Protein chains: 2
Amino acid sequence: MAASPNFMTGVPELLVLRLLQDREMYGYEIVAAVAEATGQVVAPKEGVIYPLLHALEQEGLLRAQRRPVGGRIRVYYGLTSKGVRRLFDLSDDWSRMARAIQHVLKGPTHAI
Amino acid sequence: MAASPNFMTGVPELLVLRLLQDREMYGYEIVAAVAEATGQVVAPKEGVIYPLLHALEQEGLLRAQRRPVGGRIRVYYGLTSKGVRRLFDLSDDWSRMARAIQHVLKGPTHAI
DNA sequence: ATACCATACCTATTGAAAATAGGTATGGAT
DNA sequence: ATCCATACCTATTTTCAATAGGTATGGTAT
């Protein structure tokens, strides 16, 4: 039903890139890690994360590596240098945006 | 071309409601006010603002009032009490989200 | 042994919302 | 008389999160 709820656009991408900056992770792990890291405030399901990972890999921001672990296959993702640059850009965008909005919200209730 | 760029979803609505909390404004004025208030960081054009105003009015969050000013007609919008409640809800949502993301971004680069 | 749940991957469809790119009309300034 | 700023509007496109599935394996409980 709900499509892109408030303030979510671009957030999964930003968080995934940020978490992968710390260490390589596989998809199923990322789903849990995003939710954990944000205290469940942001908790995109697999239907969001997997297509995102594929898109980011296609864009050359992530590098995928299939590793058999305990008879199962996990696809580990790591940041490319291009991915690092995108992370910085997105972080900057987000910071500017957040500061601007914060400013308006806290601004005087008595107009300009 | 671009559809819903990063972090913008719900932002025009939040900012419009916030600005109208201070005083009644008309559409064309709001377009400029949003850009001004955010230092051009967020600057939705008329194609975003007008449909948004109509949707918010339809939802009962805004009350519209047509006023002839200098031979021209301006449509002034004001917050309803329902609109005020929505503003509070959205502000809360945004704050929680912003705090969570900030936390992840600033978090240790050495993983969990 | 068998049923069941967690793990681990995947995709097609839907819905919402911003951006683009227009269009109409009036008033004032050059 | 022309042109720009004001002031309203809408149809179409594009993107992306969300929903709601589906497949397969390993381990645990009955």
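These legends go with close-up views of a predicted model with two protein chains, A and B, and two DNA strands, C and D.

**View 1. The protein around DNA strand D.**
Here 29 residues surround DNA strand D, and the closest are Arg72(A), Ala3(B), Tyr28(B), Glu46(B) and Arg74(B). Of the atoms of DNA strand D that come within 4 Å of the protein, 66% belong to sugar and phosphate. Sorted by class, the residues of this surface come out as 15 nonpolar, ten polar and four charged.

**View 2. Polar contacts to DNA strand D.**
Zoom in on chain B and you'll find Glu46(B), with a polar side-chain atom 2.5 Å from a base nitrogen of DNA strand D. Two other residues go to the phosphates: an N or O atom in the side chain of His54(B) sits 3.0 Å from a phosphate oxygen, and a backbone N or O atom of Gly27(B) lies 3.4 Å from a phosphate oxygen. Helix 3 (46-58) of chain A and, from chain B, helix 2 (27-37), helix 3 (46-58) and strand 3 (72-79) are the elements that give two or more residues to the surface near this strand. Helix 3 of chain B gives the most, with five residues.

**View 3. The protein around DNA strand C.**
Now for the other strand: 28 residues surround DNA strand C, the closest being Tyr26(A), Tyr28(A), Glu46(A), Arg74(A) and Arg72(B). Sugar and phosphate make up 66% of the DNA strand C atoms that come within 4 Å of the protein. Helix 3 of chain A supplies the largest share of this surface, five residues. By class, there are 15 nonpolar, nine polar and four charged residues.

**View 4. Polar contacts to DNA strand C.**
Both chains show up here. An N or O atom in the side chain of Arg72(B) is 2.4 Å from a base oxygen of DNA strand C. A polar backbone atom of Gly10(B) lies 3.4 Å from a phosphate oxygen, and a backbone N or O atom of Gly27(A) is 3.4 Å from a phosphate oxygen as well.

**View 5. Helix 2 of chain A.**
Helix 2 (residues 27-37) has several buried residues, among them Ile30(A), Val31(A) and Val34(A). Their cover includes helix 1 (11-22), strand 1 (25-26), helix 3 and strand 3 (72-79) of chain A, plus helix 4 (81-106) of chain B. Just past the helix, Gly39(A) takes a positive phi of about 60°.

**View 6. Val16 in the nonpolar core.**
The largest nonpolar core has 63 residues, and Val16(A) and Val16(B) touch the most other members. Leaving aside residues up to four places away in sequence, Val16(B) touches Ile30(B), Val34(B), Ile49(B), Leu52(B), Leu53(B) and Leu56(B).

How values were computed:
Residues are numbered from 1 along each chain as its sequence is written. Chains are lettered from A and ligands numbered from 1 in the order in which they are written. This is a predicted model: local features need pLDDT of at least 70, side-chain atom pairs count only at pLDDT 80 or more; totals for chains, interfaces and linings use all residues. Side-chain values use heavy atoms; hydrogens and water are left out. A nonpolar core is a set of buried Ala, Val, Leu, Ile, Met, Phe, Trp, Tyr and Cys residues joined through side-chain atoms within 4.5 Å. Buried means under 20% relative accessible area, exposed over 50%, partly exposed in between (1.4 Å probe, protein chains only). Contact means heavy atoms within 4.5 Å. A residue is near a molecule or strand if one of its heavy atoms lies within 4 Å of it. A polar contact is a pair of N or O atoms within 3.5 Å; within protein, one must be able to donate a hydrogen and the other to accept it, and residues adjacent in sequence count only if both atoms are side-chain atoms. Helices (H or I, at least four residues) and strands (E, at least two) are DSSP runs, numbered from the N terminus. Ala, Val, Leu, Ile, Met, Phe, Trp, Tyr, Cys and Pro count as nonpolar, Asp, Glu, Lys and Arg as charged, and the others, Gly among them, as polar.
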